[in-house]
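Biologist: I would like to go through this model with you, one question at a time. Please end each answer on the value or name I ask for.

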Amino acid sequence: VSAHYADLPSLPVAKGPVMLHHVPRFLSLCRDAGEARVALLVFDGLAMDQWVQIRDRLMLRAPELAFEESACFAWLPTLTSVSRQALFSGMKPREFANSIETTAQEPALWSRFWQDHGLRANEVLYRKGIKRTEQLSEIETAIADPAIKAAGIVVDTVDEIVHGAIFGKRGVAGQISSWCESGFIERLFGALLGNGFHIYLTADHGNVDAVGIGRLNQGVATEVRGERVRVYRSEAIAASTPDDIDAFRLDIGGLPSDFLPLFAGGRGAFVQTGEPIVSHGGLSVEELIVPFVKVTHASTRK
């Protein structure tokens, strides 16, 4: 990662997104190629292994669906406010520096991207906080509007499961299995496909089993306090990290100059020593590489 990550943001997107901020441009190219209605489904926090679990369950429950699978890189640090904003804005994090600590600007960023690429504001849809089957009726009504050409939908279920995990990723897998049995996912896919949308599914980051290496008690020194990463706003404060904790700095091009991440080493987390946790924010493969999947009807797959 330290040797080659800096090369990824500028790679071409025509054959598929390499990083999450490439996704909107790729979808715009898909629209130019004839996909009049595109839907970006973001399963917040979905790791690659969890996508495989969902896909395998869907292949049994909904054999009419087909999947064209690839992967792309999240932004470092793998925090929602960094990586998901990049995903919806089509920009590198330094380009949305004023909102990098919150996701509140996502609807505006998503709409602005599409307006810059020829759509009107009323042709762009954004929804987040979607978790349960009873919320799907509103989504179904919204996407039935023939004016909508680009839909962005954040499904928060996996992230909610991960942040409430008690028994590690095995426990997460059990809860995802139960969620699959609810019928939520195939109903959402079916509604979008039935309204003529081309579905692209991805995640803002994955998650990993980690073990506590000790808390950093720095008061208000850190602006962003993740379990796998801490972020500082000044070099002087960043340099004050205790030497006896297993953590490291990494210079990441594309971040604001005053957004300085400190990563927990290995599979560590800045929680009580020895405490097991499922988390994100770091640069393990499980956190950094996320699925990018086109969902289609099996009968229409080329």
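Biologist: Leaving aside neighbours within four places in sequence, which residues is Phe189 in contact with?

Modeller: This is a predicted model. Setting aside residues within four places of Phe189 in sequence, the partners within the contact cut-off of 4.5 Å can be listed. They are Leu41, Leu58, Leu65, Phe67, Ile199, Leu201 and Val295.

Biologist: Which residues have the most contacts inside the largest nonpolar core?

Modeller: That core has 84 residues. Helix H8 gives the largest share of it, 7 residues. The residues with the most contacts inside the core are Ile54 and Phe189.

Biologist: How many residues does the other core have?

Modeller: It lies apart from the largest one. Among its members are Leu216, Leu262, Ala264 and Phe270. Its count is 8 residues.

Biologist: How many residues of H8 are buried?

Modeller: H8 spans residues 184-194 and is mostly covered. The buried residues are Phe184, Ile185, Glu186, Leu188, Phe189, Ala191, Leu192 and Leu193. Out of 11 residues in the helix, the number buried is 8.

Biologist: What is the phi of Gly196, which follows H8?

Modeller: The sign of phi at Gly196 is positive. Its value is near 85°.

Biologist: Is Thr80 buried or exposed?

Modeller: Thr80 lies in helix H3, residues 80-89. Buried means under 20% relative accessible area. Thr80 has a value of 18%, so the residue is buried.

Biologist: Which side chain makes a polar contact of 3.2 Å with the side chain of Thr80?

Modeller: Leaving aside neighbours within four places in sequence, Thr80 is in contact with Asp44, Gln85, Thr103, Asp204, His205 and His280. The side chain of Asp204 is joined to that of Thr80 by a polar contact of 3.3 Å. The polar contact of 3.2 Å is with the side chain of His205.

Biologist: Why is one side of S11 and of S12 left without a neighbour in the sheet?

Modeller: The sheet is open, with 3 strands in the order S11-S6-S12 and mixed pairing. S11 (268-269) and S12 (276-279) stand at its edges, so one side of each has no neighbour in the sheet. The reason is that each has a single partner strand.

Biologist: Which residue of S12 stands opposite Val208?

Modeller: Strand S6 covers residues 208-212. S6 and S12 run antiparallel and are joined by 4 bridges. Opposite Val208 in S12 stands Ser279.

Notes
Residues are numbered from 1 along each chain as its sequence is written. This is a predicted model: local features need pLDDT of at least 70, side-chain atom pairs count only at pLDDT 80 or more; totals for chains, interfaces and linings use all residues. Side-chain values use heavy atoms; hydrogens and water are left out. Buried means under 20% relative accessible area, exposed over 50%, partly exposed in between (1.4 Å probe, protein chains only). Helices (H or I, at least four residues) and strands (E, at least two) are DSSP runs, numbered from the N terminus. A polar contact is a pair of N or O atoms within 3.5 Å; within protein, one must be able to donate a hydrogen and the other to accept it, and residues adjacent in sequence count only if both atoms are side-chain atoms. A nonpolar core is a set of buried Ala, Val, Leu, Ile, Met, Phe, Trp, Tyr and Cys residues joined through side-chain atoms within 4.5 Å. Two strands pair if DSSP finds at least two bridges between them.
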